[in-house]
Amino acid sequence: MKETNRDESADRNFESFLSEFRPKPAPAWLKERILHRLGEQKHLESAFTPAMRRIAIFCLVFIALMLSAELIMTKSETRRIQALWPPAALDSRQPVEDEFSSIWAEWSGLSTYEKSLFSLRAAEKKTSHQSQGSGVYWQIKILMEELNGS
Amino acid sequence: MKLEQLYDRYGERLFHYLSVKLGSLDDAEDVLQEIFLRFARYTIRWKFIRKPEAFIFRVARNEANRFLQNKRNQKLNSQNPGALQDIIQETIKGPDQGSTEMLARALAKLPDEQREVIVLKVFEGLTFKEIASACGLSINTVASRYRYGLAAMKAIMEGKDERNQPR
C-alpha cells in the first residue's frame, strides 16, 4: 500500500516537473510561408493547364457549330414544309372544312364495296402521307386522291 | 472557419506535434502544409464537429503516417534517437538547458506510441478522451501508454534505462 502511494506521489512529482516544459513557439515566418504556399497551390489547382484550355475552347466551338447547324436545319425544314403546304391550308380552317364537306358528299354516294376498297387503299397510302404531316389534312388528301383516281 | 484563423488556433501545436513525430522541422512544415491544403480543398462544417481538436490531430496523425509510409525506404530521423533528441530540444522550452536536454533524451528514447501520447497530453494539452479519439485507440490504452511512458522516461532520466518496457 505504502509502495503504491509512494509511486503515485512520484508520478505526480514527475508530472509537475513535466508541466514546466512548454513547446517553443513556431518560427514567425512559418505562418506566412504556409498561407502563401497554400494560396499558390490553390491558384495552381484552380487554373486550367494550357492543354485543358485548348480542349475547353475546342468543345465550346464544337457546341456552337452544332447549335447553329441545328438552327439552320430547322429553318430550312420549316421553309420546305411551308412550300409543300402553304400556311392557308395549314392555318385557316375554312378551306379545309369546305373541301371536306364537298368530299363528304361524294363519299356518301359511294357503294359499300367502293368504300371498303377506298379504306384499303387509304391504309396503304397512310404511311407515306403520315411522314409528311398529320391530322385532318392528310386524310382529306388521301380521300381527294382516291376520288380523283390518282 | 478561415484558414488563417485555423492556423492561429492550431497551427503551432500541430507543427510541434509533427516535428516530434517526424523528427524533422522541414518534414513537419511539408506535412503541415498538406494538412492545411486538405482543409482548404474540402469544405468542412466545423460547427458539426464535436471535438475539433481531436479531429484536427487525427487528420495530422493520418497525414504524418502517410508521409512516413511514403518514405519508409529512406532513413528517417524519427527512428534515429540522436536526431530526434535534437529536434525535441529545439522545439521544447524548459526551466534550464540541462533539464531540457535530459527530457529530450528521455523522450527520444521512448517507443513511438508512448512518445506520441506523452507529447499530445503534456505538450499539446489534449485530454485522454481526445487523444483516444485522435489516435483511434481506447481511453484505457491511451492511459496505460501514458503511465508506461512516464515510468520509462523517469527511469531514463534517473539513469535506469529499461529496454524491455511494456508498450
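Which residue stands opposite Ile92(B) in strand 1 of chain B? In this predicted model, the residue opposite Ile92(B) is Pro23(A).

**Where the chains meet**

Strand 1 of chain A pairs with strand 1 of chain B, residues 92-93, in the antiparallel sense, and the pairing runs over two bridges. The strands are part of a wider meeting of the chains: 18 residues of chain A are in contact with 23 residues of chain B. On the chain A side, three elements each supply at least two residues. They are listed below.

| Element of chain A | Residues |
|---|---|
| Helix 1 | 2-18 |
| Strand 1 | 22-23 |
| Helix 2 | 28-46 |

Helix 2 of chain A gives the largest share of this side, eight residues. By kind, the residues of chain A that touch chain B divide into ten nonpolar, one polar and seven charged.

**Two helices within chain B**

Two packed helices are described by the angle between their axes and the distance between the axes. In chain B, the axes of helix 1 (residues 3-22) and helix 6 (residues 112-123) come within 10 Å and cross at roughly 155 degrees. Angles over 145 degrees count as roughly antiparallel, so helix 1 of chain B is roughly antiparallel to helix 6 of chain B. Their crossing is right-handed.

Helix 1 of chain B brings His16(B), Tyr17(B), Val20(B) and Lys21(B) to this contact, where they meet Glu116(B), Val119(B), Leu120(B) and Phe123(B) of helix 6 of chain B. The residues of this contact divide into five nonpolar, one polar and two charged.

How values were computed: Residues are numbered from 1 along each chain as its sequence is written. Chains are lettered from A and ligands numbered from 1 in the order in which they are written. This is a predicted model: local features need pLDDT of at least 70, side-chain atom pairs count only at pLDDT 80 or more; totals for chains, interfaces and linings use all residues. Axes are lines fitted to C-alpha atoms, for helices over the stretch in contact, and angles run from 0 to 180 degrees between N-to-C directions. Helices (H or I, at least four residues) and strands (E, at least two) are DSSP runs, numbered from the N terminus. Angles under 35 degrees count as roughly parallel, over 145 as roughly antiparallel, 65 to 115 as roughly perpendicular and the rest as oblique. A crossing is left-handed if the near helix is turned anticlockwise from the far one by less than a right angle, and right-handed if clockwise. Two residues are in contact if their C-beta atoms, placed from the backbone, lie within 7 Å. Ala, Val, Leu, Ile, Met, Phe, Trp, Tyr, Cys and Pro count as nonpolar, Asp, Glu, Lys and Arg as charged, and the others, Gly among them, as polar. Two strands pair if DSSP finds at least two bridges between them.
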